[in-house]
Amino acid sequence: MRGKYKQSGMTTLLITSLLLIVALLFSLASYKNLFYQIKRTQNEVLARQAHWAAEGGLECGFSAIKKHRDTPEVLSVFNECEKKLSLSEIYIDANDYVHSRYNSLAKAEIRKKIRKSPSLAGAIQARSDLKLIGDYDIYPDVESTDSNGKYKCVSIRYSKNFYYQTTVANDELEVFDPEENGPYDGFAKDAECVVKTHLKTNTSTENATKNNLKEDFVYDDKFDPFESALGVPRSELENLKKEFKEINGSKTECDKNIKDAFIETDKVWVKGHCDLMAGTEIASLNNTPRILVIENGIFATYGAVEFYGTLYHLYTDTISDMTSGWVGMSSGNTLNSDDKKKAVYYQSGSFVPVGGLILDAPGGLSVFTSSMSFHFKGEANPNKNSDFLWEKGSWHDF
């Protein structure tokens, strides 16, 4: 009997030992799996850190491109971004992809394509006939640089006829080098144009005197300034208006009505004729970038006013004999009767929309009779710095 009990005890001990061994094996397997999960979690954290560092580099690089464009300062900012975010590299490839690469505790590379929206340079852009009478100084916009670092400046871009007329012996139209920070923020004060027009005699694109115009006067019979100035294609005109404060034009109170609208927003859309007269009301506005659109109406002013913004004069209606439209427009009293038949824009004072003047009125005539100094400042157009965009679909578009 005692042997039987001893054998039973041994069996119990053996079974217990086996159970303990199995439990230990399961425990060891569980710990191994736990250690694997911990390690995997740590790797995931490092991977996400690498991803967000690379994404930060992408945004940092894009900001540099928007601010400095294709100037040498872009590479300098890229280097700063790399140091701050511990990135190995930020660069742009030949297909316009911006790459941001992290290669420290983990590896990550993100790329996204950029595109340049159709940005058209030109302090004044005209799809109407354009006539300048008097004395003018123009500090232009720019497009690109040549091999010597000089800029292709664009004073006036036009698609129809251009006329310049003097009234006294000292009248001239002279183009100067762009202002410091004029075309865009960071533009060097000592930057020079490749060529600059300087007119001292009457000039017309209808005869041989058109040879007086240099390459900073850009003729393009197919250019469309709409998307460049307003940020969306012309086909989205009606949706675009929803972003603006819409008001009706006036031949007596347009100046005040525009100023009151600009107190609420930086985008105002005027429908119909607008006589700005002296323009003293909008002259009192502060230097906030603004866009003023005049749609299907005559615009006129005799004021000597600097408007810190862009003026877009838009005609979608057919322009025929405009004589009746000038009735009641006091700013048009000095416009001759022949020009009134075709003119849809007239200024006899030095009204200067420093963010650019776009005369999008095919079939019409825009007339200036003044002594004016036009200092172009790209930053005065809220859309001017939006000419570089991420290409939709080349990265996640949340």
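# Close-up views of the predicted model

**Figure 1. Asn-296 lies in the loop between strand S16 (291-295) and strand S17 (299-301).** Helices (H or I, at least four residues) and strands (E, at least two) are DSSP runs numbered from the N terminus. The model is predicted: local features need pLDDT of at least 70 and side-chain atom pairs pLDDT 80 or more, whereas totals for chains, interfaces and linings use all residues. Residues are numbered from 1 along each chain as its sequence is written, and side-chain values use heavy atoms, without hydrogens and water. Although Asn-296 is not a glycine, its phi is positive, at about 50 degrees. Most residues other than glycine have a negative phi.

**Figure 2. Asn-181, a second asparagine in a loop, is located between S10 and S11.** Asn-181 is not a glycine, yet it has a positive phi of about 60 degrees. With a relative accessible area of 30%, Asn-181 is partly exposed; buried stands for under 20%, exposed for over 50%, and partly exposed for values in between (1.4 Å probe, protein chains only).

**Figure 3. Cys-60 and Cys-81 are joined by a disulfide with an S to S distance of 1.9 Å.** A disulfide is assigned to cysteine sulfur atoms within 2.5 Å. Cys-60 belongs to helix H1 (residues 2-68) and Cys-81 to helix H2 (residues 73-84), so the bond ties together parts that are 21 residues apart in sequence. The torsion about the S-S bond of Cys-60 and Cys-81 is about -70 degrees, and the disulfide is therefore left-handed. The two partners are covered to unlike degrees: Cys-60 is partly exposed at 27% relative accessibility, whereas Cys-81 is buried with a relative accessible area of 2%.

**Figure 4. The disulfide between Cys-153 and Cys-193 places their sulfur atoms 2.0 Å apart.** Cys-153 sits in strand S7 (residues 151-154), and Cys-193 occupies the loop between strand S10 (173-175) and strand S11 (198-199); the pair links distant parts of the chain, 40 residues apart. The loop that holds Cys-193 is also the place of Asn-181. The torsion about the S-S bond is about -90 degrees, so the link between Cys-153 and Cys-193 is left-handed. Both Cys-153 and Cys-193 are buried.

**Figure 5. In the disulfide of Cys-254 and Cys-274, the S to S distance is 2.1 Å.** Cys-254 is in helix H5 (residues 254-264) and Cys-274 is in strand S15 (residues 267-277), so that the bond links distant parts of the chain, 20 residues apart. The link of Cys-254 and Cys-274 is left-handed, with -110 degrees about the S-S bond. Cys-254 is buried, at a relative accessible area of 0%, and Cys-274 is likewise buried, at 0% relative accessibility. The structure holds three disulfides, and their pattern in the protein chain is 1-2, 3-4, 5-6, with bonded cysteines counted along the chain.

**Figure 6. Phe-162, Leu-173 and Ile-258 touch the most other members of the largest nonpolar core, which has 45 residues.** A nonpolar core is a set of buried Ala, Val, Leu, Ile, Met, Phe, Trp, Tyr and Cys residues joined through side-chain atoms within 4.5 Å. Leaving aside residues up to four places away in sequence, Leu-173 touches Leu-132, Tyr-136, Ile-138, Phe-162, Tyr-164, Thr-197, His-198, Leu-199 and Phe-217; contact means heavy atoms within 4.5 Å. A second, separate core comprises 19 residues, among them Ile-65, Phe-78, Cys-81 and Ile-114. Cys-81 in this second core is the disulfide partner of Cys-60.

**Figure 7. Asp-360 is a buried residue with a relative accessible area of 0%.** Asp-360 is part of strand S22 (residues 357-360). Its contacts, not counting residues up to four places away in sequence, are Arg-127, Pro-225, Phe-226, Arg-234, Tyr-312, His-313, Leu-314 and Tyr-315.

**Figure 8. The protein chain that frames these views has seven helices and 24 strands.** Of its 398 residues, 45% are buried. Among the contacts in the protein chain with a separation of 6 or more, 63% are between residues 24 or more positions apart. The protein chain exposes about 20,500 Å² (Shrake-Rupley method, 1.4 Å probe), and carbon and sulfur atoms supply 51% of this area.
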